[in-house]
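Colleague: I should like a close look at a single part of this structure, beginning with the residues through which its elements meet. Please then follow the chains outward from that part and describe what surrounds it or can be set beside it.

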Amino acid sequence: MSDTQQHSVAFVRTEAIPEREPPYTASGPLKWMKDNLFATPFNGILTIVAVYLIYMILSSALPWMLNGIWTTSSLAECRTVLDGAVGACFSVLTERWNQLLFGFKYPSELYWRPGLAFMLLFVAIAPVLFFDLPRKLLIFTGLYPFIAYYLVWGGAIGVPLVALAGCVAGAVFYQSFVARNFALGFLGGVIAAFVTWYIGGLFIPDGANNTAWMRAVPSRDLGGFMLNMMLGVTCVSLSLPLGIALALGRQSSMPLIKVICVVFIEFIRGVPLITLLFVASVMLAYFFPPDSTVDLFLRVVIMITVFSAAYIAEVIRGGLAALPKGQYEGADSLGLDYAQATRLIILPQALKISIPGIVNVAVGLFKDTTLVSVISMFDLVGMIRGPILASTAWNGVYWELLGFAAVLFFVVCYGISQYSQWLERRLATDHR
Amino acid sequence: MTTLTDPPLESFRLSMLFNDTRYRSFTFQAIALVLLVFAIGYLTSNLLANLRAQGLQLGFNFLSEPAGYDINQRLIDYTSQSSHARAAIVGVLNTLLVAALACLMATVFGVAAGVLRLSKNWLISKLMAFYVEIFRNIPVLIWIIIIFTIMTAVMPGPRSYLGEDPESNLLLGLFAFTNRGIYGPAPIWGAGSGVVIAVFVASIIGIFAYRRYAKHVLYSSGQMLPTGWPTLALLILPTVLAFFMMGQPIGLDLPDPLANRFNLRGGTQIGAPLIALWFALSIYTGAFIAENVRAGIQAVSKGQTEAASALGLRPNRTMNLVVLPQALRVIIPPLISQYLNITKNSSLAIVVGYADITATLGGITLNQTGRAIECVLLLMLFYLTISLSISAVMNVYNNSVALKER
């Protein structure tokens, strides 16, 4: 073979040529740009327009931000320092920092209390969010609502202690009877809790708040971003059990229960949150006993909880519907009754499916807590629009304040949604 | 040979109400009914006691009393002497107006951003991801306030457009962007303008008829008629012809910088609150719609695109004939619920002083008359009607596009 080739072919190369570098248009950044930015003429035009837009935005925003003033005490002073140059007046943030976070009525010497409660929040929700942490930490999570209440509102220590005692009594009763009969354990637990609260309430003297070691702070003094956080955390955690109950009720085979749940859910989902807040501010008081005073914060918590419970119920209903029918039938064939099957088989799986939806509702709800500024509560947006922009010193500092609020909400909401994506990957037990 | 007999019938015992699954559901429902009646009765008795204590009576007579406040932005005639009911109707129309405008624009933003986010262009897709994340994660209330602030604090006052030698000039001689809103031309309908409009409507019907015919020809003979330029021609030519044949009956009333020393006169004005609300709702909801569109397009399996190219369809034809019809089935239900969200979020108009139903009935009327319960109930009824009708439409649509499985 090689002999014939030697005679018939003039020249045959016997060794490989050394590899050459690819042409500079086929490798490195140039190739990347050609593929990803200028693949077609239309794409090229899009890229150029986008670059121009980005340049326009950065060229006006960057000098404004970098040239910002952080240390003056009023807008006029700020303008004097800037002396005609472009620059932000961030000193409104440093000067009004406490007001933005805690509102303008919370006693300034007590700022450490909500601050500490905020720090402890992370300790409390850590075991809920990350399963690798020791389970013992959940005990602290259970105690946290009472600690946080005591820290933020202060007053007589008896109030959170009695509330805690009631919850413990209910939980103990439930634990010891649930194995025999769920309804007995559940209803008995609720009754035990109420009895404990009633008896405990007798031991708290009337003027306890005035002589308390921790000074009592009325709810109307809460404000700023603290109010958004408190509304968001409280309402989401309260609306979860309510939402589960509503979702189960809507799937129930009992027509009356089903109708009640459907009407409730559709009604709440059909009206905007603002009208529900109007209900809280002007209408709900009519439905309480005549001589009772339920403060605005509590009324708003009730309405927002009800609002988000309806949305969470729909998400969980989706989870229940997505569960294969075999799971329900499997539970039946094992001889589990409704309560056992729901508790042990259905809900754990349905809730896992619904986690992304629940997180979406939670993020939406947290954003919606800004609406309370419409019914003249001074949350972060309410503080900005009300006391701060109306003050003579800072009248006209829009962008710094609104930008600060936007950044704060972005950080929290983006963080939550990133966590939810991580959790989804973590919980994915199916093989893809 | 054994025969099966029914087990002896148990006589009914009281404990079976709780232990026997045949009767238990009745027990539970009875308990629920009693609790419900008790709760409603309790709330009603509280309500009546509170009303009696304050000397109030429920009733809707206040709706016919004169409202006594002015509304700038309105679609129907209204003066401060009109009744509260008419103010509420003005509010309803304003709500529907801003909701419709915002739905249109949000769809445009959302579809553009959703499609561009899947673009192969790295910069564009990153930019769109940035847009979606920024707008989804910041409350819509803050966006409304930011855009309203841009409208009122950055735009020049109308005075800068006035006089012989104004500081700012009308854009194209037609539009003035001021801190009170946008001034633009208004049409003047002359004699014979009805004919022009009739021709325009007829040509639109003609376009649909032609497209139907083209589709019919395509399906029956496989021959493809052009649709692009005939559509354009049908849209423009007959109307323009009619316009000139009738002697140019439709004129434009332009904003006039010289007519008045304090404000622009003539033309139409769209108030700053409406624009702020419209734009903020559109750009915020657009970010959500973008995600829906992206999810819908990605839900169409890649095999469909590949099969279409294997059949020899070109990319834009693949998109129009294969991917989009399947993606729309996934996109439209969440899209409609976003429209519902826009309608509900338009209640935030009260923040920028746009006179929607929440600001008129739930705001000024409520504060003036003190009729909290009636006003809030009417307000809820309105939104509930809108939501339920949109859900009904959505259910009809879902049933019509649901996969017909064997």
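**Helix 16 of chain A and the wider model**

Modeller: In helix 14 of chain A, the residues A:Ser308, A:Tyr311, A:Ile312, A:Val315, A:Ile316, A:Gly318, A:Gly319, A:Leu320 and A:Ala322 meet A:Ile346, A:Ala350, A:Leu351, A:Ile353, A:Ser354, A:Gly357, A:Ile358, A:Val361 and A:Leu365 of helix 16 of chain A. The model is a predicted one. Helix 14 of chain A covers residues 296–322, and its axis lies 8 Å from that of helix 16 of chain A, at an angle of about 145 degrees. The crossing of these two helices is right-handed.

Helix 16 of chain A, which spans residues 338–368, also packs with helix 15 of chain A, residues 325–333. In this second pair the axes are 10 Å apart and the angle is about 160 degrees. An angle over 145 degrees counts as roughly antiparallel, and helix 15 of chain A and helix 16 of chain A are therefore roughly antiparallel to each other. Their crossing is right-handed. On the side of helix 15 of chain A the contact is made by A:Gln327, A:Tyr328, A:Ala331 and A:Asp332, and on the side of helix 16 of chain A by A:Ala341, A:Ile345, A:Ile346 and A:Gln349. A:Ile346 thus appears in the contact with helix 15 of chain A and also in the contact with helix 14 of chain A.

Beyond helix 16 of chain A, a loop leads to helix 17 (380–390) of chain A, and A:Ser376 lies in that loop. Is A:Ser376 buried or exposed? With 10 other C-beta atoms within 10 Å, A:Ser376 is exposed. Its phi is near 50 degrees, a positive value in a residue other than glycine. Most residues other than glycine have a negative phi.

Another helix pair of chain A may be set beside these. Helix 9 of chain A (residues 158–177) and helix 10 of chain A (residues 182–203) cross at roughly 155 degrees, and their axes come within 7 Å. These two helices are therefore roughly antiparallel to each other, and helix 9 of chain A passes helix 10 of chain A in a right-handed crossing. Chain A is divided into domain 1, residues 1–66, and domain 2, which comprises 74–106 + 221–432. The C-alpha centres of the two domains of chain A lie 49 Å apart.

Chain A also meets a partner: 40 residues of chain A are in contact with 46 residues of chain B. Several helices of chain B each supply at least two residues of the side that touches chain A, among them helix 4 (122–136), helix 10 (315–345) and helix 13 (372–401). Helix 2 of chain B gives the most to that side, with 12 residues.

Chain B has 13 helices and 5 strands, and 31% of its 406 residues are buried. Of the contacts in chain B with a separation of 6 or more, 65% join residues 24 or more positions apart.

In chain B, 3 strands form an open antiparallel sheet in the order 1-2-5. Strand 1 (176–178) and strand 5 (268–271) of chain B stand at the edges; each has a single partner strand, so one side of each is left without a neighbour in the sheet. The twist averages 15 degrees from one strand to the next. Strand 1 of chain B and strand 2 of chain B form a hairpin with 2 residues between them, paired over 3 bridges. One of the residues involved, B:Ala176, has B:Tyr183 of strand 2 of chain B as its bridge partner. Strand 2 of chain B (residues 181–184) is joined to strand 5 of chain B by 4 bridges, and B:Gly184 has B:Thr268 as its bridge partner there.

Helix 8 of chain B lies across strand 2 and strand 5 of chain B, at about 55 degrees to strand 5 of chain B. This helix covers residues 272–299 and includes B:Trp278. Why does B:Trp278 count as buried? B:Trp278 counts as buried because it has 24 C-beta neighbours inside 10 Å, and 20 or more suffice for that label. Leaving aside residues up to four places away in sequence, B:Trp278 touches B:Val98, B:Leu101, B:Ala102 and B:Met105. The C-alpha atoms of B:Trp278 and B:Leu101 are separated by 6.7 Å, although the two residues are 177 residues apart along the chain.

Methods:
Residues numbered from 1 in each chain as written. Chains lettered and ligands numbered in written order. Predicted model: local features only at pLDDT ≥ 70, side-chain atom pairs only at ≥ 80, totals over all residues. Buried ≥ 20, exposed ≤ 12 C-beta atoms within 10 Å, placed from the backbone. Contact = placed C-beta atoms within 7 Å. Domains from an automatic or database assignment. Pairing = 2+ DSSP bridges. Axes fitted to C-alpha atoms, helices over the stretch in contact; angles between N-to-C directions. Parallel < 35°, antiparallel > 145°, perpendicular 65-115°, else oblique. Left-handed = near helix turned anticlockwise from the far one by under 90°.
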